[in-house]
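Welcome, and thanks for taking a look. Here is a short briefing to read alongside the sequence and the 3D view.

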Amino acid sequence: MVQALDAVVRKLGGTARRWRFDRMATVCYPSSGQVTASFAAVAKYYGVGVDICPPRRGNRKGVVEKANHSAAQRWWRTVPDALSVFQAQSGIDKLAVRMDERRRVVDGIKVTVAQLADCEPLLEIPVRPFPAELEVGRTVSPQCLVSFDGNLYSVPPGLAGTQVRVLRRLDDDHLRIATAGRAVIARHRRAPRGAGQTVRDAGHVIALEREVLAAFSDRAPCKNKVRRPPSEAALAEAERLRDQQATGSTAERVVIDLAHYAAVADRLRSVPSPKEETKE
């Protein structure tokens with residue numbers, strides 16, 4: 001959430017004096033509405049105050065929900081599946097420009113939302129984001145790559161299919177990849193979010209090439225299909241199953257003769273004429 005807040009205020013070029021939140025556990029204690037110590041440090045870093053929505057105030061909360069509903073109906077429902085992050089951001093920016101042109105009447109004067117926003121100066125924000133650490137779990141691909149924020153980052157060979165942790169501080173331009181035991185196995189410079197880049201360490205590339213060349217062999221390829229006779233254990237298991245069927249109940253010993261069904265199907269293939277039906 002801190003990452004999203006920092007991205008929004010940097011997109012706006014500043015921040016408001018106060019931030020309003022619902023009673024979410026990441027910001028406050030839902031029962032009392034008291035801001036948590038961890039988020040109080042975030043608010044202090046950006047120099048803003050925090051307002052928690054009071055309970056049982058549906059009208060006040062409904063204003064925010066309606067604004068989110070408007071954006072969802074106009075933009076989110078029309079987003080194609082194959083849209084990239086940059087294309088999606090461009091689309092929401094165009095929607096924001098159109099929404100800034102909405103008309104409002106203030107003291108009998110018609111103005112737009114953008115004009116009202118220009119009259120409210122924003123506070124300056126710090127140069128670097130709040131030093132919060134983001135930690136997510138990922139699975140290493142067969143190519144020894146880890147996906148994060150729309151990019152791929154390399155890890156040493158031999159870790160395909162294992163679970164790793166991606167660690168990133170918001171104020172750091174690098175990210176770390178660690179094992180489940182918190183041992184750092186890779187450190188990369190972070191690529192732009194959603195750029196689709198593959199970032200590989202030179203040491204990882206050399207080690208992966210050595211693994212591939214060591215596994216190379218000039219032996220004949222394996223046959224796709226090899227017919228093997230049943231083993232002694234399989235034959236013994238089949239004999240045991242036959243004995244169980246023989247000693248079962250009467251219903252279990254019933255054997256269905258498919259030849260009877262085939263004979264009935266042959267008779268039904270030809271439709272008898274009306275004369276033959278009369279003779280019968």
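For the residue classes used below, Ala, Val, Leu, Ile, Met, Phe, Trp, Tyr, Cys and Pro count as nonpolar, Asp, Glu, Lys and Arg as charged, and the others, Gly among them, as polar. With that in hand, please keep in mind that this is a predicted model. The protein has 280 residues, and 21% of them count as buried. Its secondary structure comes to 9 helices and 11 strands. Among contacts between residues at least 6 apart in sequence, 54% join residues at least 24 apart.

**The cavity**

- The count is 1 cavity of 30 Å³ or more, and the volume of the largest cavity is about 30 Å³.
- The residues that line the largest cavity are Gln143, Cys144, Ser154, Val155, Pro156, Pro157, Arg200, His204 and Leu208.
- Sorted by class, this lining holds 5 nonpolar, 3 polar and 1 charged residues.
- Arg200 is in the lining, and Arg is one of the residue types that count as charged.

**The open sheet of 3 strands**

- Strands of a sheet pair through backbone hydrogen bonds, either parallel or antiparallel.
- Here, an open sheet of 3 strands follows the order 6-7-11, and its pairing is mixed.
- Strand 6 (145-148) and strand 11 (198-199) are the edge strands, each pairing on one side only.
- Strand 7 (residues 151-154) and strand 11 run parallel and are joined by 2 bridges.
- Across from Tyr153 in strand 11 you will find Val199.

**Strands 8, 9 and 10**

- Strand 8 (residues 163-169) pairs with strand 9 (residues 174-178) in the antiparallel sense, over 4 bridges.
- These two strands, 8 and 9, form a hairpin with 4 residues between them.
- Within that pairing, Leu167 stands opposite Arg176 in strand 9.
- Strand 9 also pairs with strand 10 (residues 184-189), again in the antiparallel sense, over 5 bridges.
- Arg176 has Arg187 as its bridge partner in strand 10.
- The hairpin of strand 9 and strand 10 has 5 residues between the strands, and Arg182 in this hairpin takes a positive phi near 70 degrees.

**Arg190, after strand 10**

- Arg190 sits in the loop between strand 10 and strand 11.
- Is Arg190 buried, partly exposed or exposed? Its relative accessibility is 26%, so Arg190 counts as partly exposed, because that class lies between the 20% and 50% cut-offs.
- Leaving aside residues up to four places away in sequence, Arg190 touches Tyr153, Arg168, Asp172, Asp173, His174 and Leu175.
- Among these contacts is Tyr153, the residue that stands opposite Val199 in strand 11.
- Arg190 and Asn151 are 39 residues apart along the chain, and their C-alpha atoms are separated by 8.8 Å.

**Thr36, before helix 2**

- Thr36 has its place in the loop between strand 1 (18-21) and helix 2 (37-46).
- With 8% relative accessibility, Thr36 counts as buried, because buried means under 20%.
- Which residues does Thr36 touch, not counting residues up to four places away in sequence? They are Ala25, Thr26, Val27, Cys28 and Tyr29.
- A polar contact of 3.4 Å links the side chain of Thr36 to the side chain of Ser38.

Note on methods. Residues numbered from 1 in each chain as written. Predicted model: local features only at pLDDT ≥ 70, side-chain atom pairs only at ≥ 80, totals over all residues. Heavy atoms only, no water. Pairing = 2+ DSSP bridges. 1 Å grid on protein atoms, 1.4 Å probe; cavity = no way out; pocket = protein on both sides within 12 Å on 5 of 7 lines; lining within 4 Å. Points joined across faces, edges and corners; volume = space filled by probe spheres on them. Buried < 20%, exposed > 50% of the residue type's maximum accessible area, 1.4 Å probe, protein only. Polar contact = N/O pair within 3.5 Å; in protein donor to acceptor, adjacent residues only side chain to side chain. Contact = heavy atoms within 4.5 Å.
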